[in-house]
Amino acid sequence: MNLDFLGWSDFFTRSFAPYSQQGFSVARVAIEYRNTYIVYSQQGELTAEVTGKLRHQVILGQDFPAVGDWVIIQAREEGRASIHGILPRKSKFSRKIAGSKTEEQIVAANIDTVFLVCGLDGDFNLRRIERYLILANNSGANPVIVLNKADLCNSLEDNVSKVEAVAPGVPILVLSATTDQGLDALKSYLQPGQTVALLGSSGVGKSTITNQLKGALVQAVQPVRRGDDQGRHTTTNRELILLPTGGLIIDTPGMREIQIWAGGESLQETFADIETLAAECRFRNCQHNNEPGCAVQQALLEGELDFFRFLSYQKLQKELNYFVRKQDQRAQLDEKERSKKIHKAMRNYHKR
């Protein structure tokens with residue numbers, strides 16, 4: 001396989017130079033299983049496992065490889081390889097893992113564009129789009145909103161206007177994947193070597209879009225439930241798929257729970273309209289409740305700012321503040337745990 005068509009660039013060449021001199025080669029992670037990976041390399045498709053040394057580095061804070069990562073490998077017997085390390089990422093789309101633990105789940109790495117797919121059926125949800133935008137703005141990739149199932153929508157222009165209001169400046173593409181309507185607009189983002197990640201809840205049509213772009217049935221498709229338009233998980237593993245255009249697409253399982261893993265800058269970028277208003281408030285620490293001279297409350301009264309968007313902003317702001325506090329606590333606990341493990345390893349070493 002040609003590395004350039006897999007997304008290789010000068011960014012990775014510089015990082016890989018020291019390893020190249022040691023006789024290692026590189027591959028890109030295509031599929032992640034529990035203990036093994038499928039990777040694409042110049043030798044073709046390989047089954048790879050991480051080395052014990054890399055597993056030890058994970059204990060000390062390193063990540064396991066994620067789909068889209070460029071990894072440092074050493075080929076073994078035919079069709080197999082060992083993963084010795086991960087090259088620095090130029091972008092990554094992350095969320096907090098489901099549940100109470102404050103841990104990062106990397107959904108896709110080294111992506112150029114994120115397609116935020118939303119259904120125009122009964123699952124249409126502006127608040128979900130705002131949450132996805134925060135994650136996308138934190139990823140380092142360029143977000144594009146894809147409104148699918150246009151054939152099922154009776155208020156298309158109204159819905160597009162609503163999305164434009166919550167995502168100013170973000171490209172919005174309207175299509176119907178099942179009827180092949182509007183798909184050509186996606187192809188400009190999938191030029192040779194370009195990587196796109198498809199993100200969205202179950203049932204929005206990510207797998208159908210993937211199949212149409214691939215020109216073959218590579219992902220199973222299931223119908224949404226009648227009554228609430230909720231989908232069932234079709235894609236069970238994240239997978240990097242090569243397209244006829246020369247681009248690459250990462251299809252991901254639907255996310256029912258979108259927990260934030262981002263910094264305050266992503267919130268400010270996503271809600272730039274409210275942040276601009278807040279800068280005009282009389283008091284710098286204005287909470288936008290009953291303070292005199294509050295530009296945000298004035299905009300709400302005059303109908304310039306949507307009330308539900310403001311509530312969403314406040315909710316996400318509280319969620320991010322809580323997340324930062326939990327992350328700080330987790331970092332302190334992790335540091336203590338790493339120190340214990342390092343000291344234990346040193347004691348065992350000296351006993352030999």
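Tutor: A residue counts as buried here when its relative accessible area is under 20%, and as exposed when that area is over 50%. The model discussed below is predicted.

Student: How many of the 14 residues of helix 3 are buried?

Tutor: Helix 3 covers residues 126-139. Its buried residues include L126, R128, I129 and E130, and also Y132, N137 and S139. Helix 3 is largely enclosed by the rest of the structure because the number of its residues that are buried is twelve.

Student: What span should helix 3 have, given its 14 residues at 1.5 Å a residue?

Tutor: The expected span is 1.5 Å times one less than the number of residues. The C-alpha atoms at the two ends of helix 3 are 20 Å apart, which agrees with the expected span of 20 Å.

Student: Which residue caps the N-terminal end of helix 3?

Tutor: The backbone nitrogen of R127 has a side-chain oxygen 2.9 Å away. The residue that supplies this oxygen, and caps the helix, is N125.

Student: Which residue follows helix 3, and what sign does its phi have?

Tutor: The residue after helix 3 is G140. Its phi is near 95°, and the sign is positive.

Student: Are the faces of strand 8 covered or open?

Tutor: On one side T113, F115, V117 and G119 are buried, and on the other V114, L116 and C118 are buried. Seven of the seven residues of strand 8 (residues 113-119) are buried, so the strand is largely enclosed by the rest of the structure. Both faces are covered.

Student: Which strand is joined to strand 8 by four bridges?

Tutor: The two strands run parallel. T113 has V196 as its bridge partner. V196 belongs to the strand asked for, which spans residues 195-199: strand 11.

Student: What is the handedness of the β-α-β crossover from strand 8 through helix 3 to strand 9?

Tutor: Strand 8 pairs with strand 9 (residues 142-148) in the parallel sense over seven bridges. Within this pairing, C118 stands opposite L147. The chain passes from strand 8 through helix 3 to strand 9, and the crossover is right-handed.

Student: What geometry does the aromatic pair of W8 and W70 have?

Tutor: The count of aromatic pairs comes to nine. For W8 and W70, the ring centres are 4.8 Å apart and the planes stand at 75°. Planes over 60 degrees apart fall in one class, so this pair is edge-to-face.

Student: How many residues apart are W8 and W70?

Tutor: W8 lies in the segment before helix 1 (10-20), while W70 is in strand 4 (residues 70-75). Both W8 and W70 are buried. The pair links distant parts of the chain, its residues being 62 apart.

Student: Is F11 buried, partly exposed or exposed?

Tutor: F11 pairs with F12, the ring centres being 5.1 Å apart and the planes at 90°, so this pair is edge-to-face. F12 is buried, at 1% relative accessibility. The relative accessible area of F11 is 30%, so F11 is partly exposed.

Student: Where does C286 lie?

Tutor: The unreviewed UniProt entry annotates C281, C286, H288 and C294 as "binding site". C286 is buried, with a relative accessible area of 8%. C286 lies in the loop between helix 8 (272-278) and helix 9 (295-301).

Student: What distance separates the C-alpha atoms of G247 and F5?

Tutor: G247 lies in the loop between strand 12 (239-242) and strand 13 (248-251). G247 is buried, at 1% relative accessible area. G247 and F5 are 242 residues apart along the chain, but their C-alpha atoms are separated by 7.1 Å.

Terms used
Residues are numbered from 1 along each chain as its sequence is written. This is a predicted model: local features need pLDDT of at least 70, side-chain atom pairs count only at pLDDT 80 or more; totals for chains, interfaces and linings use all residues. Side-chain values use heavy atoms; hydrogens and water are left out. Rings of Phe, Tyr and Trp (its six-membered ring) pair if their centres lie within 6.5 Å; planes under 30 degrees apart count as stacked, over 60 as edge-to-face and the rest as tilted. Buried means under 20% relative accessible area, exposed over 50%, partly exposed in between (1.4 Å probe, protein chains only). A polar contact is a pair of N or O atoms within 3.5 Å; within protein, one must be able to donate a hydrogen and the other to accept it, and residues adjacent in sequence count only if both atoms are side-chain atoms. Two strands pair if DSSP finds at least two bridges between them. A crossover is right-handed if, with the strands pointing away from the viewer, the path from the first strand over the helix to the second runs clockwise. UniProt positions are given in the numbering used here, feature names are shortened, and annotations may be inferred rather than shown by experiment.
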